[in-house]
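Student: I have a model open and would like to talk through its rings and its surface charges. Can we begin with what the words for burial mean?

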Amino acid sequence: MLFHIQPVPKDEFILTNMVYCHPMDMPSTTDETDAYVKINGCIYILRPDPVVYKGSIVMSALQRISTRTAVMDQLIVEPVPCPHSSCRHITLEIDELDEHEQGPTNFVGSNVFGELFRKEFRNHVFMPRQEFVMRYPKTVLKAKVLDIDFGEEETGVIGEDTEVEVTLAPRSALCVSNV
């Protein structure tokens, strides 16, 4: 499938780590509302939304960084089967998305973060060096995948048994504890 990259039309798209296309552009190989697609080595969930222009795909700025693409680039999006196994372990480097808006709460509990991550990104596929954002109570975090263990598989989804390890980005004002 050939698409042009469209800027994000809705802020809520940024927090999902999904990519979006017009409903008429969804791959016919899927019976579900979502599909998995590979874009320059990264695998994303593709979701239909009527606000997206036909022939376009919506990707956030961090997704474009991870896939080395830009707005209005033309790219090939290849449907891939849904991975059936969970990844075993993921190591994430985190920081506040906007370091200029650090509030009084700059504390991240690694266990709480892990639970939230598994809940928010269940069934998502991540690859090394992939960047994304996620809401954490009272702030929005930028995260980067440092390491991921798929076991014997080439890919895997985030599952309820995926172990999540958190490290801080260099010069981050956040604090992490094992709570």
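Tutor: Buried means under 20% relative accessible area, exposed means over 50%, and partly exposed lies in between. Please keep in mind that this is a predicted model.

Student: Okay, so is F117 buried or exposed?

Tutor: F117 has a relative accessibility of 0%, which is under the 20% cut-off, so F117 counts as buried.

Student: And how many aromatic pairs does the structure hold?

Tutor: The structure holds 8 aromatic pairs. In one of them, F117 and F126 have ring centres 5.6 Å apart and planes at 40°, and because that angle falls between 30 and 60 degrees the pair is described as tilted.

Student: What about F126 and F132, how are their rings arranged?

Tutor: F126 and F132 also form a tilted aromatic pair, with 4.7 Å from centre to centre and 45° between the planes. Both of these residues are buried, and for F126 the relative accessible area is 0%.

Student: Which residues do the ring pairs link into a cluster?

Tutor: The cluster linked by ring pairs consists of F113, F117, F121, F126 and F132.

Student: Switching to charges, which residues form the negative surface patch?

Tutor: The negative patch on the surface is made of D147, D149, E163 and E165. Strands β11 (139–149) and β12 (163–168) are the elements that give two or more residues to this patch.

Student: Where does D147 sit, and why is it called partly exposed?

Tutor: D147 lies in strand β11. Its relative accessible area is 41%, which is between 20% and 50%, so D147 is classed as partly exposed.

Technical notes:
Residues are numbered from 1 along each chain as its sequence is written. This is a predicted model: local features need pLDDT of at least 70, side-chain atom pairs count only at pLDDT 80 or more; totals for chains, interfaces and linings use all residues. Side-chain values use heavy atoms; hydrogens and water are left out. Rings of Phe, Tyr and Trp (its six-membered ring) pair if their centres lie within 6.5 Å; planes under 30 degrees apart count as stacked, over 60 as edge-to-face and the rest as tilted. Buried means under 20% relative accessible area, exposed over 50%, partly exposed in between (1.4 Å probe, protein chains only). Patches are made of residues with over 30% relative accessible area and no salt bridge: like charges are joined within 9 Å, nonpolar side chains (Val, Leu, Ile, Met, Phe, Trp, Tyr) within 5 Å. Accessible areas come from the Shrake-Rupley method with a 1.4 Å probe; for residues, only the protein chains shown count as cover. A salt bridge is a side-chain nitrogen of Lys or Arg within 4 Å of a carboxyl oxygen of Asp or Glu. Lys and Arg count as positive and Asp and Glu as negative; His and the chain ends are not counted. The place of a charge is taken as NZ of Lys, CZ of Arg, CG of Asp or CD of Glu. Helices (H or I, at least four residues) and strands (E, at least two) are DSSP runs, numbered from the N terminus.
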